[in-house]
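User: I would like to go through this chain by question and answer. Please keep the reasoning short and end each reply on what was asked for.

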Amino acid sequence: MNKTVVLLLSLIFFISCNKNKKEILNNTKKDYTQYVNPLIGTSKMGHVFPGATAPFGMVQLSPQTNFELMYDKDGSYNPETYEYCAGYQYRDSIIIGFAHTNFSGTGHADLGDLLVMPTVGKMVLEPLKTQNGQKGFYSTFSHEKEKATPGYYQVELDSYGIKAELTASERVGFHQYTFPVSNDAHIILDMVYNVYHHENKNVWTFMRVENDSLVTGYRQTKGWARTKKVFFAMKFSKPFKSYGHKKYNKETYDGFYRRFDQSKNFPEMAGKDIRAYFNFDTKDGEKINIKFALSAVSTNGALKNLDTEIPHWDFNKTLQETKQKWNEELSKIEIKTFTEDHKTTFYTALYHTNLTPILYEDVDGNYRGLDQNIYNSKGFTNYTIFSLWDTYRALHPLLNITQPHRNNDMIKSMLAHHDQSVHGMLPIWSHYANENWCMIGYHATSVIADAMIKNIGNFDHQRALQASVNTASVTYFDGLGDYMDYKYVPDDKSHSSVSKTLEYAYNDWCIFQMAQKVGDKKLEERFSNRSKYYSNVYDPKIGFMRPKLSNGKFRKDFDPMDTHGQGFIEGNAWNYGLYVPQNINGMINMMGGKKRFSQHLDSLFTMNIDEKYIAKHEDITRDGIIGNYVHGNEPGHHIPYLYNWTGHPKKTQERVRMIMDTMYGPTVEGLCGNDDAGQMSAWYIFSSLGFYPVTPGSLNYALGSPLIKEAVIHLENGKDLSIIANNQSKENIYVKSVSVNGIAIKENLISHTDIENGGTLIFEMTNKKN
């Protein structure tokens, strides 16, 4: 080869490398937050919050728009409290303050801790209405003067002429309030307010005024988390001129503290229900900033978090840092779409999958454990909020692709939970150093098995297997002893008996997968047998899963359409009865073969379910229903993909595209049900990319019909997976062929290996069904 050719090739290589570097540089500078609208899903059933937070941050600093008590005066449940699981409903026109903790998308609630509200004028300490019927300290607002982006929230508090701006680091909320001129400006710290509040929820509140600009303290509550403590440090950018508080509980004993007037300028505040205030003089346009740090450990921990994460008073600096953190997470999946609405819906969904679980430790690694003792995380970062009945289905499998290091830490957090549990169990549904026992199954096993099979992380496999076996052996847990004795959960001994049998059988298959991975033959056999127990609740005479009694007979009074009292939790036999992800072919054969099963799916999507069958479930509404298929709740999320196993993949493609088009969107009503800690959004991310984890704990993903034109997943191992949908359009919803790195896919599945190895996944799209 002559020198000229060598020089030419070298020049071409140099230009190519520099071009790639420029493209990478441009990619890192691209603002993906512009495609996210945190207000999507804040109307009706979405139950997401619009406020400021960092990715997986401990602080969720967000507006609260009502104060609904959990119980009415007669002691009955108040259904309106359900609408405020995240403290905010888009239809409201008032704001009562900004709380520092909020769930994202859950169907039950807690939190709403440490409410801050700026006001001017006469001091008012009740949020909605004073004791004599006058206006409370709430402010009116309009959505025209409201803005929400990742890591930033802004609103005009019209009643006071105050501009409120919020941002946050992982453990610190940063407030910026622009005041009018006033000799009566106030910052209220409402320690009474809670989401899902009841009169006995606040156990104790303690605060210290350390100096004229620093307040520390904690609150303990008894709610969904039975023993929850949140410590805080609140630092003002300007000294307050005076302060005080009011107690809303009857004081039965106060010792010799009664010799003081504790209500004004007394540096200790203690009681069950307290609202404090801090007074200022303000000039027109003057900004008062507040840094509000949280800790589950101590006020010293909160101070350390504050000084470490935001040691300055530059609001915009923190905002830009958090925005960059969001861009780093959002840029892990780049997409091209054929509408801007699809891009907004996609990146908002991706945003919602990066909110939960949350960090639950201080900057020094200290955290509160399940036994309420203080631990230091060694070799992992501790997380909390494990809504596992929801999130094992798609959120955690998605994290295995986009956040494998975090999911590894989440599993280690689950194992720490197990070690601290007096029951010797992995989390069922846990938050804030508490097990709340919500929902059914033991789905930490699914999260662990999925990571283990996909070689995610460095957690101890043997330890994880043993923790899973321990969990699956607690006989007094939710019908589990009967499940082991009868090989199904008897309906006359436990509610939701069919759902429990199906979920336990799947969980046991996950343990079988783990045992197989580590080579434990005895456990393999034991849990392989248990994973087949689902067949014991199938009634071939009627073709449905059905409640079975302890005498071995099926229950007589049974309606497969009804979602209440028929052996299923938040579902009916038509939907929930199709839950055997560990053996789909076996389920289809058991239910009459491919033709009959496909007809069942057709009927499910086209028949009508009467209102009476869903009336008793607040988690199931018309917004999330297609025919009798319920997408607004989790048990059916895999169902559209089941056509792939019946020889009708085109029907999967039709249904998946229809669901994406009708159940999601770029508006405040763009979620058809509770986002459930990111599960609903994770379904959309996977389906938009063209595949879905029907069976977490296996290597396979079922193929669907992608909504994107192109996508690039930037993997943590440094490789990229490019996804291309050739000839993509609104009409071309069918997949003509699929290939991975030039090799045709003959099954309707791709492997996790295909993803982690990187390369190119190509869908050839068409409008022709046949």
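Analyst: The exchange below covers the overall build, the cores, one helix and a few backbone features of this predicted model.

User: How many helices and strands are there, and what is the radius of gyration of the chain?
Analyst: The chain holds 18 helices and 37 strands. For 770 residues the globule rule gives 27 Å, and the chain comes close to that, so it is as compact as a globular protein of that length. Its C-alpha atoms fill a box of roughly 90 × 80 × 45 Å along the principal axes. The radius of gyration itself is 27 Å.

User: What percentage of the residues count as buried?
Analyst: The accessible surface of the chain comes to about 28900 Å², and 50% of it belongs to carbon and sulfur atoms. Among contacts with a separation of 6 or more, 69% join residues 24 or more positions apart. Of the 770 residues, the share that counts as buried is 64%.

User: Which helix gives the largest share of the largest nonpolar core?
Analyst: In soluble globular proteins, nonpolar side chains tend to be buried together. The largest nonpolar core here has 168 residues, and those with the most contacts inside it are M545, L689, F691 and I723. The largest share of this core is 11 residues, and these come from residues 497–518, which form helix α11.

User: Which residues of helix α11 does M545 touch, leaving out those up to four places away in sequence?
Analyst: M545 is one of the residues with the most contacts inside the largest core. Its contacts include Y534, V537, Y538, F558, F568, M590 and M591. Helix α11 spans residues 497–518, and the contacts of M545 that lie in that span are V498 and L502.

User: How many residues are in the other core?
Analyst: Another core lies apart from the largest one, which has 168 residues. Among its members are F137, A168, I188 and F292. The size of this other core is 52 residues.

User: Why is helix α17 described as largely enclosed, and how many of its residues are buried?
Analyst: Helix α17 covers residues 679–689, and its burial means that it is largely enclosed by the rest of the structure. The buried residues include W683, Y684, I685 and F686, as well as polar ones such as Q679 and S681. Just after the helix, G690 takes a positive phi of about 105°. The count of buried residues in α17 is 11 of 11.

User: What is the relative accessible area of S687, and which residues does it touch?
Analyst: S687 sits in helix α17. Its relative accessible area is 0%, so it counts as buried. Leaving out residues up to four places away in sequence, S687 touches Y641, V656, M660, Y692, S705, P706 and L707.

User: Which of Y196 and N265 is buried, and which is partly exposed?
Analyst: Neither is a glycine, yet Y196 has a positive phi of about 60° and N265 one near 55°. Y196 is in the loop between β10 and β11, while N265 is in the loop between β14 and β15. The cut-off for buried is under 20% relative accessible area. At 3%, the buried residue is Y196; at 44%, the partly exposed one is N265.

User: Where is the cis peptide bond that involves P357?
Analyst: P357 lies in the loop between α4 and β19. Omega is about -5° for the bond in question. This cis bond joins T356 and P357.

Definitions and conventions: Residues are numbered from 1 along each chain as its sequence is written. This is a predicted model: local features need pLDDT of at least 70, side-chain atom pairs count only at pLDDT 80 or more; totals for chains, interfaces and linings use all residues. Side-chain values use heavy atoms; hydrogens and water are left out. A nonpolar core is a set of buried Ala, Val, Leu, Ile, Met, Phe, Trp, Tyr and Cys residues joined through side-chain atoms within 4.5 Å. Buried means under 20% relative accessible area, exposed over 50%, partly exposed in between (1.4 Å probe, protein chains only). Helices (H or I, at least four residues) and strands (E, at least two) are DSSP runs, numbered from the N terminus. Contact means heavy atoms within 4.5 Å. The radius of gyration is taken over C-alpha atoms; the globule rule is 2.2 Å times the number of residues to the power 0.38. Accessible areas come from the Shrake-Rupley method with a 1.4 Å probe; for residues, only the protein chains shown count as cover.
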